[in-house]
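User: I would like a close look at one part of this model, with its surroundings described step by step. Please keep to what can be read from the structure itself.

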Amino acid sequence: MTTGLRKRFLPIFAIVCVVFTPAHAGIDVGLDREMQDLQELERLVQDIESAESEEELRPIIERWNRLKNQLRQRRRAPEMPHPATRQIQSLERELARLGSEIATIREEILRYFPKANNRVAVFTFDDSTEAELGDALSFIVSKHMLFSTRVRSFAVVNFQEGAAPSERGDVAYFEKVDKLTRDQDYSVAVWGRVTRARRGLRIDTFGQAYPNPEINRYAVDVQLPEAMGSESLSAGLVHDRFQLDTLLVDYDDANEFQDAAERIRELRGSPSIDAEVISRLPEDKRYYIAEAEGDWVRLQVRGGQTGWTSVRAFCNNTCARFLVAVDFANEVVAAGGGVKPRPPPEDLNDDTRFVYREIAALHALVEDPGKAAQLSNDFADLGFRGTGLANIHSVANVSAALRALPQADFATYRFEPEFFQARTQDFQQALTLSPSEKYAQKNLQALLQYSGDTKASQRVKFRSHRKSAIVVQIGNYQQLADLANTGATRLAKALEHAGYEITLLVDATRAEILGALDSIDTSSATASRLLFFSGHTTSVGDGMYLMPADANPDRVSATGIGVGELAERFRTSLLLLDTAFPEALVADVSTRFGQLGLDALVHLSDAQRARNDSGLFPYFIGRGISGAADVDNDGFIDLKELELFVSDEAHRNGFQMNVQAIARAGRAAAIVSAPVHNELQR
Amino acid sequence: MFRLPLLTRIAVSSVFFGLMPIAAFAADVVLVGTVTDASDGRPVVGATITVDDGGRQIGNARSGSGGTFRVTVTVEDSGLHPFKVITEDAGYRSADMDAEALNGNLQQDAFDFSLLPNDLAPCLFSSSARHPVVVGHFFEPPGDPISDIPGRLSLALQEELDLHLQLARAPSPTIADCDGAQFTGVDDGRGIARALNAHALLYGSVTRQQPHYKVKARIIDAHDSNGPAVRTTSAGVDLANPDEAKMHPKVYVAILSAMAAGALTRNDCAGALSIADAASRLSETAPDFVNEVQQVCELP
């Protein structure tokens, strides 16, 4: 009975949603301010974490409330999950609330039009010429995309001004675009640049599509049967950052773009060039398409005016030529929204044809893998450009084979050896063309894992990692005994040579160490994030803490750095710890590390012995990581090898060092590093 | 249970703790090496070599004929003792190397210094510069001089390389012009490139080719992974509008190849792979060095 009711009510509810959520909407906002908001949020998070007292927390809360109100005014502010209905009593509670509020803001409020299925960001073009076309071009792009989109639920945000690197943070234009697009989760970004050309200007237009396999947006996952390890194979858009067009224009044409943008901004009484202008499209206000007629649309500004405008009617000649690239950007959006894309015209940039081939094949892969295999069949003729198609081709073949299986056989199915080999070769071919192609890498890794070749699988995985290391050495303590530890600088050099990006911190405070940990990218599951810490450590309750220079032994949990947090929050993949501890506690400490969920190599020296071994631990690690620890000579150093090397070297040189490797339970020992290739090494 | 009288126990522990410093005898270690001029590979005679132990000078020597030196220093024979070897000479930028003795045994075989002449010192890249490339001397077109050719070429290279690298998500190179860097007859200029911390060095000549210029450039790979210098000729280069000027694709590919080799020497496979991708975008078939990157990074 209840289910019956639900079934009947559902469509009505859906209609209500459509009515109240404008299907095609847009807004024009400032890029600089947007970046500032983002940075202010990031700073707030940092400040909250380092705040230690009421006095420090109060101004943060005030700043937060100011920022929140600003954000709410500018965006459609959804109700907060827990409205502040009465005075908050304790700062403790305020702190917790603040944390979750910021998370909510990042998820919902900071994003314009969070409910639209296809959200596009258009950025002001980077224009350093005197023509100052940046805003006009992006305005035209955003309006044309909005007025002519082929998807049902679409929203576009036009970021204006601020293309030049901002003073704060000094983020380059490309990175700004990428950072904002990712943070606000747009499916497509369009941006460009204007430079001087021989007799006028050159306009380059770029696009980027952001794949998300969960909703089959520019990427599709295919699940392998249980008998094959239940891994999934992935196909996705490889040419996801692409050039749409290059347009050479005279200086006179530049005015054409300014005029067109100005005209499009005007709202008219009826859909005609001759109709009276009744108002202008305001900045910072959301608007949506209320009705359309031919090339004209009636825009309704939220809580404000309404009027007719058109891009096609005002964007002629050179401007019209510019729209061809924008049309293709809309095809990319269409493909992301599940609509079959149309091919780009011949005279657009080469990139567009290869993007089209990939998005068309990916679109087919969702419903009809056989068709997708057909569409991607000629990848070998395309040279490097066929990289993405080679991978799609192979995944499509696997998907087609699996779909042909009777449901009952799926779990127990295994590939025939010939089929398996052919697919492996496809992925290898994709990687020959473009060695950093991440989908083919992942797939090859999964297939090699399945075939039992774990070494080869690890190799594929590990070689393309980004590696970053933070090297911390604390000798001078404000409230604890000083230490005579050395060797961090040399270790940092060795790690840098082994391919790590290094942050070296000597006698650093908690805030400095947390800041360095925060700045490391944690998005990739496979990247190598290493922390070397030489200094005091202590345990409180169940927790282990690293003690920074400003640590207070009476307030360890607030002034130390929890080792458990390293794994959880900063996703540290390996901790190298050089510390002194009373001998009696060593066994206990080891047990605790084992439960913390990260890999570690720990040197516990007896706190009571004279420190004759100062600097030895980082020195031996440095030598080991530079290749000497690769005992089995397979090009990889795992945690066990490093432990053995350090212990053996210590022993060989007459030192008693208590070195222990702690690997997470149920896991193969972690690969620490690969040695530098010898032939290239002078 | 047997118990030592209190006084004896104190004595035992003080003997135990007292042993360490007493056991620290001294040992002599001999450091040998050479000093050469980075720009032409010739020995530098009479350079001062100082061995520094945390601000304390523990030895010094001068390089003799052939640029060789030999210096004996005394260190403690237990534990790890790091120190620095510093080489100075008028006319050159001074340089230093780390060294250490472990239980009185020197851990390094030789200390070979390649000194940068002072006139090239302003062109030195900092060690944190990403993918440094130096544009050296280009001979001007006879009878039709054009100002600052290295500067113009740097601009031209930066624009185009930035674009392709950004599309491949690789970091931008640091390109600097250095008119003093030029072919000297030794090793094609590889020594200069290395001494400047650069991955690639370009030099050559420019001739007039109406309405633009013809640029002949040699691209030197500091890491020597591509064999001899790559020779290129780019026709129709509009040096009057450097940000519009295009060079032959071979030029960009050769620079990217040197950058990738530089990334590999630092074991940065991720960086080398993304540079290889950018190079693949520039030519329909993958350039040769892409295979090398794959092999080194052991991709199947």
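How many bridges join β15(A) to strand β16 of chain A, and do these strands run parallel or antiparallel? Please start from there and describe how β15(A) is placed.

Analyst: The model is a predicted one, and what follows should be read with that in mind. β15(A) is joined to strand β16 (residues 501-506) of chain A by 6 bridges, and the two strands run parallel. Within this pairing, the residue of β16(A) that stands opposite Gln473(A) is Val506(A). Between the two strands the chain passes through helix α15 (residues 488-497) of chain A, and the β-α-β crossover that takes it from β15(A) to β16(A) is right-handed.

β15(A) also pairs with strand β17 (residues 528-534) of chain A, again in the parallel sense, over 7 bridges. Here Ser468(A) has Arg529(A) of β17(A) as its bridge partner.

The burial of the strand can be followed residue by residue. Strand β15 spans residues 467-473 of chain A, and 7 of its 7 residues are buried, so the strand is largely enclosed by the rest of the structure; the criterion for buried is that 20 or more other C-beta atoms lie within 10 Å of the residue's own. Both faces are covered, with Lys467(A), Ala469(A), Val471(A) and Gln473(A) buried on one side, and Ser468(A), Ile470(A) and Val472(A) buried on the other. Two of the residues named for their bridges thus return here on opposite faces, Gln473(A) on one and Ser468(A) on the other.

Elsewhere in chain A, burial can be followed in a helix as well. Phe322(A) belongs to helix α8 (residues 317-336) of chain A, and it counts as buried because it has 24 C-beta neighbours inside 10 Å. Its C-alpha atom is separated by 9.0 Å from that of Ile203(A), although the two residues are 119 apart along the chain.

For a further view of strand pairing, one can turn to chain B, where an open sheet of 5 strands has the order β10-β9-β11-β12-β13 and mixed pairing. At its edges stand β10 (174-177) and β13 (230-237) of chain B, each with a single partner strand, so one side of each is left without a neighbour in the sheet. Strands β9 (residues 132-139) and β11 (residues 200-209) of chain B run parallel and are joined by 5 bridges, and Phe139(B) has Ser205(B) in β11(B) as its bridge partner. Helix α2 (residues 149-167) of chain B lies across β9, β10 and β11 of that chain, running at about 140° to β9(B).

Methods
Residues numbered from 1 in each chain as written. Chains lettered and ligands numbered in written order. Predicted model: local features only at pLDDT ≥ 70, side-chain atom pairs only at ≥ 80, totals over all residues. Buried ≥ 20, exposed ≤ 12 C-beta atoms within 10 Å, placed from the backbone. Helix = DSSP H or I, 4+ residues; strand = E, 2+ residues; numbered from the N terminus. Pairing = 2+ DSSP bridges. Right-handed = clockwise from strand over helix to strand, strands pointing away. Contact = placed C-beta atoms within 7 Å. Axes fitted to C-alpha atoms, helices over the stretch in contact; angles between N-to-C directions.
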